[in-house]
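Colleague: Could you walk me through this model? I am new to reading structures and would love to go step by step.

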Amino acid sequence: MSGLIAALFSILILTWAYRVINWLWLTPKRLERSLNQQGLKGSSYKFLYGDMKENMEKMKEATSKPINLSDDIAPRLIPHIHWCLQTYGKNSITWLGPKPRVLLMEPELTKEIFNKISQFHKVRDNPLVRLLATGLVTYDDDKWAKHRKLINPAFHSEKLKNMLPAFYQSTSELVSIWENLDFEKGSCELDVWPDVHNMTRNVISRTAFGSDYEEGKRVFELQRELIDLVMQASLSVYIPGWRFVPTKMNRRMKALNQDIVATLCAMIDKKEKVMTESKTASGDLLGLLLESNLREANESRNKSVGMTLHDVIEECKLFYFAGQETTSVFIVWTLILLSQHQEWQERARNEVLEVFGPEKPNLDRVHHLKIVSLQ
């Protein structure tokens, strides 16, 4: 009997060992040969880490040097990918641990992928990233179509028009802060990133949660900390199951996620009660999303057709995660470009004054802007 147990135990150990070797070496090398045969070149796969060490080294080197406005921004933001494309060509591969990533820079190939999007499913190989948000951008096929249908009404032009006061209030607060700065010599050097970051946070909090603006800000602050921790964890090789080990970082990430979910649950419950009593939705994103979800369920007379509570929470988290950082970066980059091309800065300023004068911006007049275009 003991001999049989020992044999079974040995088989389990060998099976586990083969799976680990297959994951960390055999499969990556097989994929590397296949990609090379298709004309895609890149650095050879390195056990466990792939290109992650080189990526970190190049990032440290890039950020250790100052950058001028006239410098090429790509080597600063994505130094390893830039180096890979320069070394191996427009179509090449890089390694994120044992997973290859294909870099495509030819428009026709990119177009082909978008035309066959159902054959190129989104990557979901790191559960840590899913802590930040899942939502529309991570779904495929029928689930993507359902969520897109339910979310789309919240972004109708008429709905966005009602959010304009929130945009104006947040930007006015930012400009007021800058106007009240104490300039000793008429000008000063100002780090605009923290202010722009706070401004976009306020905009999203107001437009996503309306009267629950302060609670929305708290969700953002919790998610900001969670993002930092997940990004730290993502810089190392992902080991399946490691997130369940009760390390200090893992415990903190779990606590943050639970706090975010609990806060959003309370806000959703409160919003649903108000909607039930007033029979109308508020003009913020969460209210519009719940209204669309309820309408779909009522029309089909099947509650399973709409989103679950978990789905709604993930879409709210995604709205923060995807919207806040991208908008902040876009605004800062716009300021950089305007500082580089001051003649366009002057033309843009004159157009805004001509169209709006001393009045508050409104959506109807926004469409009259040509230089400061929405396109």
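What follows is a short talk about a predicted model.

Colleague: Which helix gives the most residues to the largest nonpolar core?

Modeller: Happy to start there! The largest nonpolar core has 37 residues, and Phe-209, Leu-226, Leu-264, Leu-286 and Val-312 have the most contacts inside it. Helices α7, α10, α11, α12, α13 and α14 each supply at least two residues of this core. The helix that gives the most, with 8 residues, is α11.

Colleague: Leaving aside its neighbours within four places in sequence, which residues is Val-312 in contact with?

Modeller: Val-312 is among the residues with the most contacts inside the largest nonpolar core. With its neighbours within four places in sequence left aside, the contacts of Val-312 are Ile-268, Leu-286, Leu-289, Leu-290, Asn-293 and Met-307.

Colleague: Is Ile-73 buried, partly exposed or exposed?

Modeller: Ile-73 sits in the loop between α2 (52-63) and α3 (74-77). Together with Ile-67, Leu-77, Ile-78, Trp-333 and Leu-337, Ile-73 makes a nonpolar surface patch of about 500 Å². Buried means under 20% relative accessible area and exposed means over 50%. Ile-73 has a relative accessible area of 31%, so Ile-73 is partly exposed.

Colleague: Which strands stand at the edges of the open sheet?

Modeller: The sheet is open, with 3 strands in the order β1-β2-β3 and mixed pairing. An edge strand here has a single partner strand, so one side is left without a neighbour in the sheet. The strands at the edges are β1 (41-42) and β3 (99-103).

Colleague: What is the bridge partner of Trp-95 in β3?

Modeller: Strand β2 covers residues 92-96, and 5 bridges join β2 to β3. These two strands run antiparallel. In β3, the partner of Trp-95 is Pro-100.

Conventions: Residues numbered from 1 in each chain as written. Predicted model: local features only at pLDDT ≥ 70, side-chain atom pairs only at ≥ 80, totals over all residues. Heavy atoms only, no water. Core = buried A, V, L, I, M, F, W, Y, C linked by side-chain atoms within 4.5 Å. Buried < 20%, exposed > 50% of the residue type's maximum accessible area, 1.4 Å probe, protein only. Helix = DSSP H or I, 4+ residues; strand = E, 2+ residues; numbered from the N terminus. Contact = heavy atoms within 4.5 Å. Patch = residues over 30% accessible without salt bridge, like charges linked within 9 Å, V, L, I, M, F, W, Y side chains within 5 Å. Areas by Shrake-Rupley, 256 points an atom, 1.4 Å probe, with all protein chains shown as cover. Salt bridge = Lys/Arg side-chain N within 4 Å of Asp/Glu carboxyl O. Pairing = 2+ DSSP bridges.
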